[in-house]
Amino acid sequence: MNLQTLESIAALLQRHNLSFIEYEHAGVAVRLEGAARSGHPVAQSVVPVSTPGTQRPARHVTAPGFGTLHLTHPQRSQPAVQTGGQVRAGDVVAWLECGPLLQEVTAQHGGTVVAIMAEQGALVGYAQPLFELE
Amino acid sequence: MTARAFDSVLIANRGEIALRILRAARDQGLRTVAIHSLADANLRHVQMADQSLCIGPASAAHSYLDIGRILQAAQLTRAQAIHPGYGFLAESAEFAAAVENAGLVFIGPTAASIRLMGDKVSAKQAMIASGVPCVPGSPAALPDDDEQVVQLGKACGYPLIVKAAGGGGGRGMRIVREAEQLLEAVAMTRQEAGRAFNNSQVYLERFLERPRHIEIQVLADTQGNAVWLGERDCSMQRRHQKVIEEAPAPGIDRNALISVGERCAAACRQTGYVGAGTFEFLYEDGEFFFIEMNTRVQVEHPVTEWVTGIDIVAEQLKIAAGQPLSFTQGDISLQGHAIECRINAEDPFSFQPSPGVVSAWIAPGGPGIRVDSHLYGGYGIPPHYDSLVAKFIAFGATRTQALERMRGALQDARLEGVKSNIPLHQLLMLEPGFVQGGVDIHHLERYLSSGRDIP
């Protein structure tokens with residue numbers, strides 16, 4: 001977030017007569033509010049949105065369908081991921097059993113597994129969050 | 001048709017009817033399973049169900065209309081019966097058959113009944129065979145011979161409509177008022193039908209200028225018993241959508257209604273119909289004309305429940321479990337009068353849907369007021385489905401009392417954050433034609449296009 005960016009945002013605010021703009025990038029957020037009468041934008045705050053020590057916002061891996069959750073493939077002995085493990089985008093992280101089908105659950109984004117949000121054998125619904133990643 | 005006791009019901013629907021079904025199932029001690037789309041996770045009945053499962057995205061095609069998903073959900077939740085509600089798959093013979101084939105109980109008629117009544121020609125033929133009066137017309141497609149066509153026109157009576165067999169929804173029709181115009185109209189309609197539907201078959205039906213929409217509610221069990229539960233008048237419609245319904249129908253000869261009602265019950269016995277159903281008629285100049293049968297519970301069922309004291313959805317569950325009807329025709333009598341106003345989240349005069357968050361909802365109440373609604377303060381009405389959000393039903397000893405109570409209810413109700421057609425209903429409860437009663441199916445549209453009272 002540099003002065004040039006701030007000035008661009010301020011110019012946008014003024015040009016389009018907006019009441020406020022919120023802009024977030026790389027963990028830093030700024031909100032500019034237009035002063036109603038004078039038309040001069042006033043910078044209200046520059047606030048980092050993530051807690052110190054973390055670089056990225058948490059993301060969920062959600063169920064692509066509904067069915068019985070298998071953290072471990074039925075024909076294997078180890079779960080696909082563990083808490084603390086690393087996941088890359090496209091990795092298969094679990095399976096959903098729905099009738100005769102076993103559907104793969106793949107991670108859309110990479111990251112570290114912070115939490116496993118559903119249990120082995122649970123009936124999960126469409127789009128239900130299954131893993132929390134960072 | 002497998003009618004057997006079940007311990008659980010999967011509700012394959014949403015909104016107010018899903019809540020209605022849930023209450024009936026719960027009251028009978030049945031476990032309730034609510035399946036829903038991603039957009040419907042916050043539905044009232046989903047919150048209340050013993051178990052809920054999100055089965056797909058907002059799109060109805062991948063949720064409420066997806067037979068495979070619904071049956072998978074039933075298997076995973078161990079539901080033993082499925083209630084389809086109205087709309088969606090309620091009148092899909094394929095769905096009814098699939099439920100039965102999966103070893104589950106379908107709360108409704110057999111797939112064969114749904115198929116028979118879904119085809120307008122076969123439905124009409126079945127009704128004629130059962131002595132139910134139909135719109136007069138040619139019994140099948142018109143022959144090529146002009147002389148025969150003229151005779152058929154004479155038998156049908158004027159004015160009549162020439163209809164394309166492959167048409168529907170108002171397309172492929174031509175009104176003929178004089179016998180001299182018939183042959184030319186038939187020729188033109190045939191030509192247009194051939195081009196538009198690749199099917200130049202046409203048939204004749206009498207055209208009714210100012211009919212009323214009168215329907216008969218029936219309940220039939222698996223043991224050959226069928227009872228008709230009086231009639232409803234649903235003439236207040238806009239673009240074929242009902243806006244206000246009432247029971248009984250004002251100003252119609254009771255004996256004529258009894259005669260038609262008994263024929264509908266007989267038709268159920270003769271065709272092996274099981275469950276709740278409605279026979280729809282056009283009524284003009286003292287005559288009833290069958291147009292179609294709805295093989296499901298309907299939106300407007302509460303007005304019949306009020307005047308007969310019968311819980312139609314509860315009866316659907318009992319019938320599906322193989323129980324005989326607990327009442328006979330002799331036990332049914334209509335008491336008082338009930339009016340229902342359909343409350344939609346839409347602009348009251350442009351009819352544009354108005355989804356969004358309900359910032360305030362206070363339902364009306366008091367004696368003779370029933371509200372069927374899934375609304376609650378803070379609920380977000382999704383844009384993906386129809387706009388019906390509540391039904392206000394007012395009951396009184398007389399039609400006048402029902403009207404007075406409905407006016408009060410419409411005044412008491414608060415629905416904020418979205419637009420609704422409450423202001424339109426307020427006008428209609430004072431509109432002289434409706435207040436007098438007995439208006440035809442074009443009355444509401446004439447009123448709306450007159451500009452009178454409309455801001």
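Two strands pair if DSSP finds at least two bridges between them; helices (H or I, at least four residues) and strands (E, at least two) are DSSP runs, numbered from the N terminus. This is a predicted model, in which local features need pLDDT of at least 70 and side-chain atom pairs count only at pLDDT 80 or more, while totals for chains, interfaces and linings use all residues. Residues are numbered from 1 along each chain as its sequence is written, chains are lettered from A and ligands numbered from 1 in the order in which they are written, and side-chain values use heavy atoms, leaving out hydrogens and water.

**Stop 1: a sheet in chain A**

Please select strands 8, 7, 5 and 10 of chain A: in that order, the four form an open, antiparallel sheet. At its edges are strand 8 (101-106) and strand 10 (123-124) of chain A, each pairing on one side only. Now pick strand 5 (residues 67-70) and strand 7 (residues 92-98) of chain A, which are antiparallel and joined by three bridges. T68(A) sits opposite E97(A) of strand 7 there.

Next, bring in helix 3 (residues 67-77) of chain B. Which strands of chain A does this helix touch? Helix 3 of chain B packs on the sheet and touches strand 5, strand 7 and strand 10 of chain A (contact means heavy atoms within 4.5 Å). Its direction makes about 90 degrees with that of strand 7 of chain A; axes are lines fitted to C-alpha atoms, for helices over the stretch in contact, and angles run from 0 to 180 degrees between N-to-C directions.

**Stop 2: a pocket lined by both chains**

Select G65(A), F66(A), L96(A), C98(A), L101(A), L102(A), Q103(A), G68(B), R69(B) and Q72(B) to see the lining of the second largest pocket. Strand 7 and strand 8 of chain A and helix 3 of chain B each supply at least two lining residues. On a 1 Å grid over the protein atoms alone, a pocket is an open set of points where a 1.4 Å probe fits, with protein on both sides within 12 Å along at least five of seven lines; lining residues have an atom within 4 Å of a point. The volume of this pocket is about 150 Å³, counted as the space filled by probe spheres set on the points, with grid points joined across faces, edges and corners.

**Stop 3: a covered strand in chain B**

Move on to strand 9 (residues 212-220) of chain B, where nine of nine residues are buried (under 20% relative accessible area, 1.4 Å probe, protein chains only). Colour its two faces separately: R212(B), I214(B), I216(B), V218(B) and A220(B) lie on one side, with H213(B), E215(B), Q217(B) and L219(B) on the other.

Strand 9 of chain B pairs antiparallel with strand 12 of chain B over nine bridges, and with strand 10 (residues 226-238) of chain B over six. A220(B) faces G275(B) in strand 12 of chain B and has A226(B) as its bridge partner in strand 10 of chain B. In the hairpin of strands 9 and 10 of chain B, with five residues between the strands, look for G224(B), whose phi is positive, near 85 degrees.

**Stop 4: one threonine**

Finish at T278(B), in strand 12 (residues 275-284) of chain B. Is T278(B) buried or exposed? T278(B) is buried because its relative accessibility is 0%. Its side chain makes a polar contact of 3.0 Å with the side chain of R232(B); such a contact is a pair of N or O atoms within 3.5 Å, and within protein one must be able to donate a hydrogen and the other to accept it, with residues adjacent in sequence counting only if both atoms are side-chain atoms.

Key. Buried means under 20% relative accessible area, exposed over 50%, partly exposed in between (1.4 Å probe, protein chains only).
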